[in-house]
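Trainee: Please take one part of this model and look at it closely, and then set that part in its surroundings. I would like one connected account, with the cut-offs given as the terms come up.

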Amino acid sequence: MKMFLIRAVVVVTALLALAGCGEQRQQITINGSTMGTYYSIKIIDQDGLPTAKVIQQKIDRRLELVNDQMSTYRPNSELSLFNQAPANKPFPVSAATAKVITEALRISNVSNGAYDVTVGPVVNLWSFGPEARPESIPTDKEVATRLSEVGYQHLQVLAGNKLVKDEAKLYVDLSSIAKGYGVDVVADYLKDDLHVKNFMVDIGGELRLQGKNKADILWRIAVEKPVENERAVQEILQAGDMAIATSGDYRNYFDENGVRYSHLINPKTGRPIENHVVSVTVIAPSCMTADAYATTFSVMGEDESIALANQENIPVMLIVKTKDGFVEYKSNTFEQYVDKK
């Protein structure tokens with residue numbers, strides 16, 4: 001069963017194969033599944049590493065713990081139990097869950113509510129299922145009722161890793177940030193516990209990079225062009241020791257009576273976003289942060305997003321669909337990560 005409701009069809013960031021000169025270094029590749037998607041980990045071999053089987057067992061154990069902490073699909077996860085808990089009563093959680101929610105609330109404040117992990121009841125109202133369309137469009141009254149139960153302002157992280165809500169029906173869904181956190185968990189295990197110098201961690205298209213690839217150059221990542229009927233490259237990135245997260249809805253929407261409905265919900269309106277942003281790519285030191293900002297900028301639209309990204313020094317690229325084709329919008333700090341070769 002899936003751990004998280006996928007916020008939108010992810011704009012796949014794929015490793016671009018390289019024909020390096022000379023002898024290639026040995027690469028360990030570990031593949032598996034978690035959080036309703038795949039994971040793929042590439043490690044450049046070095047002396048003293050455990051076997052791939054042992055590394056994968058350690059990784060799976062850590063990812064299972066993230067599920068047990070933050071999955072809304074597991075009724076006994078920390079997050080599910082908090083969602084069922086009464087209002088105004090501090091609820092103890094792990095340091096990990098407290099860390100993720102603290103970062104979510106920070107980004108909610110910075111974005112003036114464009115990002116909100118309590119918007120789940122409205123998402124559920126729209127009933128986006130496997131075929132990406134609700135049975136019927138919700139009424140204004142239904143949307144208003146659900147919005148009254150939503151709001152990051154109703155959620156707090158207290159000292160001692162405790163959560164508290166002042167709205168009993170508040171429902172926290174970390175699907176837009178916890179996958180990125182899972183990437184960080186794996187990357188930190190490789191870096192801090194195993195002292196791996198060169199690796200790439202990919203969970204469902206969210207990435208964390210360190211060092212160089214088997215051709216002994218910086219990892220090169222291809223950002224997909226947002227077209228529906230083919231796989232093509234928009235940009236190639238060399239992000240160094242950073243994380244990359246993407247979001248997009250160009251394959252995940254439906255049309256009804258001439259109106260296009262995105263899979264992404266605007267927490268302020270309770271309705272699918274109405275801007276023309278079709279793809280967002282964010283670079284940050286942590287994948288948790290990049291993951292959340294990818295959703296944030298998808299909701300905000302190009303002008304507000306670039307203003308916020310420049311204010312916060314966040315490298316971001318938005319691709320916007322216009323009547324004349326696709327247009328790129330880049331923050332001031334993004335271009336330095338574009339591979340010019």
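**Helix 8 and its surroundings**

Mentor: Asparagine 313, just after helix 8, takes a positive phi of about 55°, where helices (H or I, at least four residues) and strands (E, at least two) are DSSP runs numbered from the N terminus. The model is a predicted one, in which local features need pLDDT of at least 70 and side-chain atom pairs count only at pLDDT 80 or more, while totals for chains, interfaces and linings use all residues. Residues are numbered from 1 along each chain as its sequence is written, and side-chain values use heavy atoms, with hydrogens and water left out.

Helix 8 spans residues 302-312, and its buried residues are Glu302, Ser305, Ile306, Leu308 and Ala309 (buried means under 20% relative accessible area, exposed over 50%, and partly exposed in between, with a 1.4 Å probe and protein chains only). Seen down the axis of helix 8, these buried residues fall within an arc of 165°, so they line one face of the helix; the arc is that of the directions from the helix axis to the C-beta atoms. Asp303, Glu304 and Gln311 are exposed residues on the face of helix 8 turned away from that buried side.

The buried residues of helix 8 pack against helix 3, helix 7, strand 16 (277-284), strand 17 (316-322) and strand 18 (325-330), contact meaning heavy atoms within 4.5 Å. From the other side of this packing, phenylalanine 297 touches Ser305, Leu308 and Ala309, and also Val280, Val282, Ile314, Val316 and Leu318, when its neighbours within four places in sequence are left aside.

Phe297 is also among the residues with the most contacts inside the largest nonpolar core, which has 71 residues, together with Ile41, Ile43, Leu174, Leu190, Val201 and Val282; such a core is a set of buried Ala, Val, Leu, Ile, Met, Phe, Trp, Tyr and Cys residues joined through side-chain atoms within 4.5 Å. Helix 7 (residues 287-300) supplies the largest share of this core, 9 residues. There is a second, separate core of 18 residues, which includes Ala239, Met242, Ile283 and Met317.

Strands 16, 17 and 18 lie at one end of an open, antiparallel sheet of 8 strands in the order 2-3-7-8-11-16-17-18, two strands being paired if DSSP finds at least two bridges between them. Strand 2 (27-34) and strand 18 are its edge strands, each pairing on one side only, and the twist from one strand to the next averages 15°. Further along this sheet, strand 3 (residues 37-44) and strand 7 (residues 199-203) run antiparallel and are joined by 5 bridges, with lysine 42 having methionine 200 in strand 7 as its bridge partner. Helix 1 (residues 52-70) lies across strand 2, strand 3 and strand 7, at about 30° to strand 2, with axes fitted as lines to C-alpha atoms, for helices over the stretch in contact, and angles running from 0 to 180 degrees between N-to-C directions.

Helix 3 (residues 95-110), one of the elements against which helix 8 packs, lies across strand 5 and strand 6 and runs at about 130° to strand 5. The sheet there is an open one of 3 strands in the order 4-6-5, with antiparallel pairing. Its edge strands are strand 4 (91-92) and strand 5 (155-158), each of which pairs on one side only.
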